[in-house]
Amino acid sequence: MARAAHAQGSVSSDVVAGGTEVFTLDGEFDLANCAEFERRLSEASEPEPTDILIDLRGVSFLGSTMLHALVSGLTRANELGTGFALIRPNALLWRVFVLTGLSARFLNYASLHEALPETEQAGHYTLLRNSDGAVLAEFESEEAALEVIERIWEGELPARGVSVVRRKDAFALSGPG
């Protein structure tokens with residue numbers, strides 16, 4: 001997995017099942033670090049065009065320059081005949097997409113599992129805060145994730161401000177709301 005760190009945000013990318021390149025953004029993105037993201041995005045389809053998925057769940061700020069970079073990426077993907085989709089950021093940032101009409105332009109998903117159902121089965125499990133999407137922990141197996149969740153459920157692990165609710169054959173985490 002390639003990683004480039006920035007003063008305000010970071011971008012990591014990985015090619016997953018089916019050849020889709022997933023870019024995971026964390027932190028703040030504006031004019032100061034947008035050029036690096038644009039460069040890496042343009043390199044993603046070289047030498048062969050590939051589908052792109054941008055995971056915005058860890059983003060805390062998106063400037064207009066970054067919104068423009070996302071629209072440019074979508075335009076380029078349309079020209080190449082490839083897919084380009086987003087995993088939605090927290091509700092406050094997604095509101096910017098809704099108010100500007102960009103939410104209707106991008107194919108978008110709530111989670112990596114929704115966007116690429118086969119990825120979670122490949123052994124990547126993430127626990128997220130319900131309210132803002134910030135990553136609490138990542139696990140390599142479903143068993144490891146369930147063990148931690150069950151320990152929180154049983155009160156063995158402290159989880160200040162987080163509650164666990166069991167639904168059918170799954171668990172859900174929720175924060176103070």
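Which backbone nitrogen lies 3.0 Å from a polar atom of the side chain of aspartate 30? I looked, and the backbone nitrogen is that of alanine 32. A reminder to myself: this is a predicted model.

**Entry: aspartate 30**

I placed this residue first. Aspartate 30 sits in the loop that links β3 (21-29) to α1 (31-44). Next I checked its charge partners. Aspartate 30 is buried, but I found no salt bridge for it. Arginine 40 carries the nearest side chain of opposite charge, and that is 15 Å away. A salt bridge has to fall within 4 Å, so arginine 40 doesn't qualify.

Then I listed its contacts, skipping neighbours within four places in sequence. That left Gln8, Phe61 and Gly63 touching aspartate 30. I followed up on phenylalanine 61: its C-alpha is 7.7 Å from that of aspartate 30, although 31 residues separate the two along the chain.

**Entry: strands around β3**

I went back along the chain to β3 and asked what it pairs with. With strand β2 (residues 9-15), β3 pairs in the antiparallel sense, over 7 bridges. I picked out one position there: serine 13 stands opposite phenylalanine 23 of β3. With β4, β3 runs parallel, and 8 bridges join them. For an example on that side I took aspartate 26, whose bridge partner in β4 is glycine 58.

**Entry: nonpolar cores**

How many residues make up the largest nonpolar core? I get 27, and the ones with the most contacts inside it are Leu25, Phe37, Ile54, Phe84 and Phe97. I then traced which elements give two or more residues to this core: β3, α1, β4 (52-62), α2 (64-80), β5 (84-87) and α3 (91-100). The largest share comes from α2, with 7 residues.

I zoomed in on phenylalanine 84. Leaving out residues up to four places away in sequence, phenylalanine 84 touches Leu41, Ile52, Ile54, Leu70, Gly73, Leu74, Ala77, Phe106 and Leu107. Apart from the largest core there's another one, of 9 residues, and I noted Val16, Val22, Tyr109 and Leu116 among them.

How values were computed
Residues numbered from 1 in each chain as written. Predicted model: local features only at pLDDT ≥ 70, side-chain atom pairs only at ≥ 80, totals over all residues. Heavy atoms only, no water. Helix = DSSP H or I, 4+ residues; strand = E, 2+ residues; numbered from the N terminus. Buried < 20%, exposed > 50% of the residue type's maximum accessible area, 1.4 Å probe, protein only. Lys, Arg positive; Asp, Glu negative; His and termini not counted. Polar contact = N/O pair within 3.5 Å; in protein donor to acceptor, adjacent residues only side chain to side chain. Contact = heavy atoms within 4.5 Å. Core = buried A, V, L, I, M, F, W, Y, C linked by side-chain atoms within 4.5 Å. Pairing = 2+ DSSP bridges.
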